[in-house]
Amino acid sequence: MGLLSDPNRRRALTNLLTRLNTPICVLCYLAGVAWFMGLAFEPFTLRTYMSENAMGSTMVEERFPAGERALVTAREFGAHKRKSGAMPVDWLVKTMQSRGLEVYTQSFSRRLPFPDENKERYMVRGTNVYGILRAPRAPRTEALVLSAPCSPDNSNNQAVGLLLGLAQYFRSQIYWAKDIIFLVNEHDLIGMQAWLEAYHHTNITGMDWAPLHGRGGSIQAALSLELSSDVVTSLDLVLEGLNGQLPNLDLANLFYTFCQKQDILCTIQEKLQRSDWDSVSGYSQAVQTMALMVLKQASGRPWGDHGLFLRYHIESATIRGINSFRQYKTDTTTVGRLLEGMFRKLNNLLERLHQSYFFYLLPSLSRFVSIGYYMPAFGFLAVILLLRALDLWVQLGALPSVTEDGVGSRALPLQSSSPSLVSILTPVVISHLTGAALYTLPVLSQELAVQHFPVSETEAVVLTAIAIYTAGLALPHNTHRYSSIAKQGWRVLKLVAVLYLAVLLSCTALINFSLGFILALTLVPVAAFVTPHVPKVLSAVVMVLLAPGCTLLYCVFAFQELQEAPVSLIDGWMLFLSVISQGMLDHALYGSLVYPLLALFIYPCWLILWNILFWK
Amino acid sequence: MAAPLTLLVIVAVTIRAVLFRSSLAELISERVEVVSPLNSWKRVVEGLALLDLGVSPYSGDVFHETPLTIYLYHFVIDYAEIVCMIADGITAVALYLAVQVYNKNVFRKQKYALEADRYPHDCLELMQTPKELFYVPLKVAMFYLLSPFTILSCVAKSTCGINNAIVALFVLCTIKGSALLSAIFLALATYQSIYPITLFAPALIYLLQRLYIPVNLRRQSFWLFTLQYAFMFVGSLVVIVGLSFFLLGSWDYIPSVYGFILSVPDLTPNIGLFWYFFAEMFEHFRLFFICVFQINVFFYTIPLSIKLKDHPVFLMFMQIAIISIFKSYPTVGDIALYMAFLPVWSHLYRFLRNIFMVSCVLLACSALFPVLWHLWIYAGSANSNFYYAITLLFNVGQVLLVSDYFYAYLRREHHLSHGLYLKKKDGSEATLVLK
């Protein structure tokens, strides 16, 4: 405890930290960024390996033969879908029944808070069809799910066909120890949400759905299948779920092993792994893959139908078939065998997948970065905030506890800081009220906006949000008169803001590392260097450029760039607007937390920093 | 000063009433940080239902309140929210009055000492001015009523608020010098949760001091008063325990309440140190480690009483803090009680060493509790180790906070007797080191 009680050593340490504060902060920031970039470098990553014993060593021979018949079923399904104009429920029920499943349907309806222009839907009404294959070899206490979304356009028929084909084949096998549920869900995630809520008897989002009449055991794992062509060149694995949650890494390992076994090209983030890790292009490929994962995870939205399972503690992933111009093609039979193998291994599970990692980043399918490796990158950024807070604490009237060990400080700091503690309450409260307005008003005021301006509802919501966001910047003028009480006021305010931001970002990074890291990347420099004494105009420009809203804009461009679909400025802006509306919809429909987090906490925190810049 | 206090109480009640009506109340009452198996409202309702059915509420493993509490709630079950708010109000007002009296004493003592020229001359800046002292009672009430910990605990309808009220009344009666009432409330507090028995020592020392009886083992008057106070305490304890027996007609409640507190059979996670250890431990070590953990609470009484025998109120604060850190089922409501005393020691501020670091740790931990709980229980991606790490850090923070105040208090006393600017023998400036 020498450091805690020996005043001389403490003083030496604090002196060092305060004198070298700025260089240390800059160094930490660079170290954080460098660490993050280094994560994708192959020698620094770990090779993935199967941790789950029950899935590791057992031999499985896949014999699924009926790929061609699955495609015929798919075409039949497509024809019925075209005829009825929606999901052919009756046909599906009949077909599933003829395959020997217990079939049930579930209807649901949902009114969106405002029209979704991307998917052109407002009042959603649909039906989920699912068939349960009862386990012949064990009590019906556990289940696995294979799902395929039924989309309104012509895509994804092959997935439904393969699902039905697999159902028929699985029915004739005797080794199933878990119920297998084959689910065809309408209106992608909304249908999935309705089905999952009904399955687990919860209602989180206020949706209308009919209760389920048939139920399997507790779901252990789920796979969602998306296939839009008869042959595929590669299969893409999608892991990112709601709020950046990821399934256990063993599920990805399972997929990777079977792809190797079946000789199927497999990708993640639609990027093929390269073997030349020591070349620049190989490294840049890994960085891009990881950056895409980080961006997707940070968005907090489910990137496939599997995303909602994760909330219920069910390991799940989406397998998406990609058909590009590559020579090498894989037929449906092989994809079917891949799924058969995965299901047989999952069937062997004795307990939930829990052996492997839940927190990871994947620079490629065969390499991973675990939480212990990537957290330091965030830690370096968070340390900056703590160092600045320490520095401010020391500056605040040369506090006795830190500088002079209680002896010899003349002015009692309590007198100077206690009135300012009250005075800083005003900016804090105003900022949070603005945040609350940003959270509630856009959806509430859409009707009003539509009446008075020539915009659609969706545009109205997004533009209101942007308007409130911008209006927030004009607020500091309201809080000026309080500052005259205490000259040190801004320091207290900044101390509060910096600590607040540090706690906020660490909590975010624990739940969703990517979001925390991206926010820290832009907000930490702002928080570290803003004072009332820096050049106003220049700093204001820098601050606006590093605000959460602009961060989102950069992310949109970066995402497009990484997906090799760069967009022009105008298109990027339109995309930005649609991303905002999607974020709000994700919150309202599935309970994604990114929008409330940004509106209620991060944005007010940034506003407090903005207040400091204009402190007089 | 009554007006600001009334205003404060009104504000506090408004906040609680609003929260009671909001959807948050249900969420809060489920949080493990806020309610423990000992004081959860759900369990009180269960116990009441059993009582109404004519079954002993202690027959299952759900109910662990004392019989008097359940009979209190039996009458006021429909007004539970109001009772919780009143309990908080009583605690705040009692602490307010107690601190007011205590400050008056401190100021008087300081004045006499100054007049007698007992302090070194450079210590004038260490004196507490009336202006500083004036607002301290109000701050204490504010720290208690507006502390988020108290609010959470009250909104969860945790019975911790009632225990806090009893302890606060005990503090008030002791400081007012009423030995009988003090003994009765101490007996009540002990009856509620055993641990407050360690407050016997500070109360005794304070009352002795008030009667100008020196703490001297060879003096007859010392033993006389000690026996008198102990008799009052034991007598009221016996009466309360006997009353519980007659109300219930059986001794069921003894193992179910005190056995439950001491042997820690319920390992639901909470902010304390017990659950993880005993969940991980092999069964045959259990008894030994339970003794070790429980002795922790009582053990510090002796050295602290010797060290702080001239400062019983500070000793009382230390004891309450130690109880709330080391007890077997701590909740945030317990922490709120000792944190309410912090403004009383605001004059120690200049001697505190780690206050910045410690408050950062406590703040961060309070925010991380729900996050890690979410990751562990709902997301399933973290595990109990994550949550326990934060619990551990939170408790280390609390221990550091308390020991920091302890050190600062001793240091101030040292300066008051030896002068503020200490010189080494060679004339250079000396520093005090706690080793």
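So, the positive patch on the surface: it's made by Arg108(B), Lys109(B), Lys111(B) and Arg210(B). Keep in mind that this is a predicted model. Who gives the most to that patch? That's helix 5 of chain B, residues 80-115, with three residues.

Let's pick one of them, Arg108(B), which sits in helix 5 of chain B. Is Arg108(B) buried, exposed or partly exposed? Its relative accessibility is 43%, so we call Arg108(B) partly exposed, since that label covers what falls between 20% and 50%.

Okay, now the opposite charge. On chain A there's a negative surface patch, and its members are Glu117(A), Glu120(A), Glu447(A), Glu457(A) and Glu459(A). Take Glu459(A): you'll find that residue in helix 16 of chain A, which runs over residues 457-472. With a relative accessible area of 38%, Glu459(A) is partly exposed as well.

Last topic, the transmembrane regions. An unreviewed UniProt entry lists several for chain A, including residues 20-41, 460-477, 498-531 and 566-585. Let me show you two of these in the model. Residues 498-531 of chain A are 91% helix and 0% strand, and their end C-alpha atoms are 12 Å apart. Then look at residues 566-585 of chain A: that span is 85% helix, again with 0% strand, and here the end C-alpha atoms lie 25 Å apart.

So when you turn to the structure, try finding Arg108(B) in helix 5 of chain B, and then Glu459(A) in helix 16 of chain A. Thanks, everyone!

Definitions and conventions: Residues numbered from 1 in each chain as written. Chains lettered and ligands numbered in written order. Predicted model: local features only at pLDDT ≥ 70, side-chain atom pairs only at ≥ 80, totals over all residues. Heavy atoms only, no water. UniProt positions renumbered as here; feature names shortened; annotations may be inferred. Helix = DSSP H or I, 4+ residues; strand = E, 2+ residues; numbered from the N terminus. Patch = residues over 30% accessible without salt bridge, like charges linked within 9 Å, V, L, I, M, F, W, Y side chains within 5 Å. Areas by Shrake-Rupley, 256 points an atom, 1.4 Å probe, with all protein chains shown as cover. Salt bridge = Lys/Arg side-chain N within 4 Å of Asp/Glu carboxyl O. Lys, Arg positive; Asp, Glu negative; His and termini not counted. Charge placed at Lys NZ, Arg CZ, Asp CG, Glu CD. Buried < 20%, exposed > 50% of the residue type's maximum accessible area, 1.4 Å probe, protein only.
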